[in-house]
Every structure is written in structure tokens, then in C-alpha cells.
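Take a look at the model below. The report that follows walks through its chains, domains and core.

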Amino acid sequence: MLNTRLVKDTLVKRSTFLLLLISLSVVVIIAVGLTVKSIPLFEYSNIFQLLTDKVWAPMKGSFGFLPFIAGTLAVTLISLAIAIPLCILTAVYLTEYASDALKNMMLPLVNILAAIPPVLYGVWGVLFIVPLIQLYIAPIFGVVTSGYSVLAGGIVLAVMIFPIMISIMVEVLQTIPYELKAASLSLGATKWDTIKHVILKKAKPGIIAAIVLSTSRAFGETIAVLMVCGNVPKVPTSIFDAGYPIPALIANNFGEMMSIPLYESALMFSALLLFVIIFIFNLISRLILRRLEGGLDG
Amino acid sequence: MDNTKRRLISEKIAKGFMHLSGITVTASLFFIVGTILYKGLPYLNWEMVSQLPKGGFYIGKEGGILNAILGSLYLAGVATALSAFIGIPISLYLNIYLGTKSKVTQFSKLLFDVLYGVPSIVYGAVGFGIMVYFGIRASLLGGILTVTLLTIPIVVRTVDELIKTIPEDLKNVTLSLGTTRWELAKVMLRSIRAGLLTAILLAFGRAIGDVAGVLLTTGFSDNLPKYIDEPAATLPLAIFFQLSSPIPEVQGRAYASALVLTIIILIIVVCTHILQSKQKNRR
């Protein structure tokens, strides 16, 4: 009797271990697969030139990634500029001021925002943000634009990263010990003084981790950005210019790339670029968050 | 006195900004759902959701998006089932067999956290590369595999959070009765049953909404897939394609399709919420 139970136990142990190995090997498969596929491009041109060349003309054999890198950076920076202040203030409000009832209403709403698929953000961007920019925002600055711009991409991305930023920031802010706030308040500081000088200072590493994690989310977002950015392979010079972020490049060109040598390799290289950047960003922020969590336990 | 006044004023200003931020964040959700509802509702009708695209559908003639709705449900359903069958055991293995203090557990959890952040377009590109290598064409199978890989980290992480909420005492008492770890795992699974469904629903929600992964691996088809090696339509892709059409009729259908997807997602969110409060009440 005991024997069959032990056999079962061992069997489960072995098979689940195998599942673990297989799932984790995905990291290796992605890294190796993309690198191998990128090699032809490296042989054709050196990496420094690829990253700094402005001309993207695969038909003529010139693969400059700068417009795409610039496009990605532009939308990401715009989205961060919008999301960071809004999210910090909202998270602080939820943890320091809001009643439990309000918190119990807001956090589920934020969860819904997180559950909305990217394509719906894209639809919203096309129907709401793009016309808003074209008809109302751009004319204020005296600019004529179709509305399909890096600004549109940035706004849509900002809303997309609200949920992840807010939920992590709320978690981080909740780890601040009550004694610390009480000490500051008892010295006659106002609540806002306490937030500025005590809470935010103490929560800084966690907040940075939340921002880094959201940045990597913004980097990899594909379809929503592709729908609203205009997709012109040029370095954008104003926020009303069209841009062409890296993920959109991959998604847009997969069908036709097979016919041109090196094209596939170039797209795989851009996927590799995304993977490496996002991997590093995620690793850093997760390590910070983990240390904070560990500090709480101990 | 002056100083106090200034500080109280800045407190008021700061609070005002916080209210404003909170309202902006919440309002963005209502703007999104509201825009889709407003634009999609006029075009939504029974024909849209009950029929396959007919000839001339993409120039505004008759038909519906049943192919995309069912394609998405097939794909997300199978992929979620697979990722649950792979993800839940992995989480149990890490927490029960190895224990939370083990270096392997910590390393694996870190890797799953990182994998969770890898965008679906990267999974799609790798999946595409592998399919080209083996000479497989874009198909339901390719999509299912890609989306399964995408959702495994979600399941592992959510189940991991659930296991953390199980009291250590339960574990110790069960083991002290002389159970094997597998029997302990079964006991633990029972106590987080409601939560497991949450994990599965979360994965399903992500799977049904994913575009970038399926764009490269699943293709698109006007017919329902009869076999797993045929290309299949998915709802998000149908929205994307129809929206880029210049014909107003077709664009209208894109809005209606977006509304259908929104409704599916909202149903999932509500179910998740109910299950979550159920899980909380058990404790």
C-alpha cells in the first residue's frame, strides 16, 4: 500500500520537474533561436552600424534601425511622462487618503483596465485619441497632422500601463511601516509633508521598479501602437510626427519578408533587440521588488 | 503662522491633484468602454455574431464574424487548458516538493516573472521561426502552442500567490499524518479551488485578447477550422483587419466586433471578481 503511494509520489515529482524544465527552456529557445536567425544580418553589417543607420530600405539592402529605435523611445517616453505623475499621485491617494470603500471600488476598476486586450486600446486610440489630436490638440500648437502620431501612441500606451504601475505602487506603498508615518505626523508635519519627505523617499526603490517594469511593458506593446502611430520609418522630430516602433515593424512585415534575403534576419534581430532589453529591465525590477518583499518578511 | 498656512495650502493643492489623477485614471476606463459601446452598438446585430462571412463580406456585403468568435474561443480554450495542465503542477512542484526556500524555486520564479513580461510579439516571432524551420504553415496548432507558452507564466504566478495564502499549519498537519507530498498537494488544491478558476480565467482573458502572437502564427480564414493544422480566424485580428478597411460598412463591423470582445472580457472580469471574493471568504 505504502509502496504504490510512494511510487505515485515519485512519478508526480519526476513528471512535474520535467514540465518545469520544458517551460523554463523557453527562455533559452527564444534567446538562441533569435540569435541564430540574426547571424546572417551580423555577417552582412556590423551591429553599431545597424543601430545608428537612419535608412531603412530592405529592397536596397540597407537596414538602419535608428528610426525604429527612435520611434520606440519616443512613444515610451511620452507614455512615461503621462503615466508616472498620474500613477504616483493615484497610488498615494489610494493608500494614504482613500477610504476602504473607495479603494475597494477603484482597484477592481484598475483590474478591468488591465484585462482589456491591446486591440481594444488600439480601437479606442483610432476612434478617440487620433481625432482628438487631429482636431483639438494639434491646432492649439498650430500643427497640421492626421493625428496618427507618436503622441497618440504615447497616450494609448500610458493608459495601458496605468494598471501595472498603480497596482505595484500601491503594493509598495503599503509596505511602509505605520510607525514611520506616525513619527512624522506627530512632529507636526502635514500629511502631504509626510508623503513627500518620508513615504515617497522610503518607497523610492519600489517606485523605480514599478516604472522600469511598466517601461518594458510599453516597449513590447505591439498592436495598439501599430494602429495609432502612423508607421513611417523616419526618426520623429516632433510629438505630432508619425513614428514606427520596433514591435510594429515586426508585426507589419512578417508576411512579405520571406521573399527578400536578410529581411527575415533583420526582423528576427529586432525581436532579439526587444527581448534582450525587456529581459534586462524585467530582471532588474523583479530583483528590486523581491528584495523589498524579503525585507518585509524579515 | 505663515509657514503653517503655506503648508496647509500646499496640502490642499496636492490633494486636489491626487483627486484629479484618480479621476483621470478611472475615467480612461469609462472612455474606452464608452467609445466602443457608442460606436459599436448601432452595428451590432444577430447576423453579425451568428453567421460566417459570405462572399463580398469585406466590401460591406452580408455575413458575420462567427468564424472569428469561434476561432478565438477554440484557440483560447485549448491553450488555457494546456497552460493550466502545465502551470498548476509546476507551481505545486516549486512550492511543495522543493519548498519556497530552495534556490531552484527562487530562480524559477524569477524566470517566470521575467517570462511574464516578455511581449507576445517576441513569442510570435519565435513561434513563426520554428514553424518555418519545420515547414508548418500558419495554423490553429501554431497559435495554440504560442499562446500556451504565453499563458504558462500567468498560471504559475497566480497559483503561486494562492499557495502563499494557505496557512503553514495546514501543510504541517497534513504531512504529520504521514501523507506523501502528492497527497498533500491534493489537499492544498482543494483549499484553493475557487482561486484556481481565477487563474484559469486570467489566462483565458489574456489568450483571447492576444493579437501579436497569433498574427504571425495562426493566419486568418473565413471558414471554421475543421482540423488543427488549418489557419483560423481570431476575434482581435478580425477587428484589426476590418478597422483598416476604407469601407464604412466594414469599419462599422470592426466596432461591433470590438464590442463583442469587450463583452467577453467584461464577463471574464466579473466572473474573476466573484471567484476571488469566494476564495477570500473561504479563509
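## Chain B in outline

In chain B, 75% of the contacts with a separation of 6 or more join residues 24 or more positions apart. This is a predicted model. Chain B has 283 residues, and buried residues make up 47% of them. The chain holds twelve helices and zero strands. Read along the sequence, the pattern is α-α-α-α-α-α-α-α-α-α-α-α. Along the principal axes, the C-alpha atoms of chain B fill a box of roughly 70 × 65 × 35 Å.

## What the record says about chain B

An unreviewed UniProt entry places the feature "domain: ABC transmembrane type-1" at residues 69-272 of chain B. The annotation "transmembrane region", also from an unreviewed UniProt entry, covers residues 20-38, 73-98, 110-134, 140-159, 194-216 and 254-275 of chain B. The table sets out the computed make-up of three annotated spans.

| Span of chain B | Helix | Strand | Distance between end C-alpha atoms |
|---|---|---|---|
| Residues 69-272 | 79% | 0% | 21 Å |
| Residues 110-134 | 92% | 0% | 31 Å |
| Residues 194-216 | 91% | 0% | 35 Å |

## Domains within each chain

Start with chain A. The domain assignment gives domain 1 (33-64 + 261-275) and domain 2 (67-244) of chain A. The C-alpha centres of these two domains of chain A lie 31 Å apart. Six residues of domain 1 of chain A are in contact with seven residues of domain 2 of chain A. On the domain 1 side, the touching residues are three nonpolar, two polar and one charged.

Now chain B. Here the assignment gives domain 1 (2-43) and domain 2 (50-57 + 64-282) of chain B. The C-alpha centres of domain 1 and domain 2 of chain B lie 32 Å apart. Seven residues of domain 1 of chain B are in contact with seven residues of domain 2 of chain B. The domain 1 side of this contact in chain B has five nonpolar residues, one polar and one charged.

## Where the chains meet

How many residues of chain B are in contact with chain A? The count is 64 residues of chain B, against 69 residues of chain A. Which helix gives the largest share of the chain B side? Helix α1 (residues 2-40) of chain B does, with 20 residues. By class, the side of chain B that touches chain A divides into 43 nonpolar, 15 polar and six charged residues.

## The largest nonpolar core

The largest nonpolar core has 175 residues. Within this core, Phe162(A), Met169(A), Val228(A) and Cys229(A) touch the most other members. Helix α6 (residues 150-174) of chain A supplies the largest share of the core, 19 residues.

Take Phe162(A) as an example. Leaving out residues up to four places away in sequence, Phe162(A) touches Ala83(A), Cys87(A), Val110(A) and Leu113(A) within chain A. From chain B, Phe162(A) touches Val25(B) and Ser28(B).

## In short

Chain B is built with twelve helices and zero strands. Its contact with chain A involves 64 residues of chain B and 69 of chain A. Helix α1 of chain B gives the largest share of the chain B side. Phe162(A), one of the residues that touch the most other members of the largest nonpolar core, has neighbours in chain A and in chain B.

Definitions and conventions
Residues numbered from 1 in each chain as written. Chains lettered and ligands numbered in written order. Predicted model: local features only at pLDDT ≥ 70, side-chain atom pairs only at ≥ 80, totals over all residues. Core = buried A, V, L, I, M, F, W, Y, C linked by C-beta atoms within 7 Å. Buried ≥ 20, exposed ≤ 12 C-beta atoms within 10 Å, placed from the backbone. Helix = DSSP H or I, 4+ residues; strand = E, 2+ residues; numbered from the N terminus. Contact = placed C-beta atoms within 7 Å. UniProt positions renumbered as here; feature names shortened; annotations may be inferred. Domains from an automatic or database assignment. Nonpolar A, V, L, I, M, F, W, Y, C, P; charged D, E, K, R; others polar.
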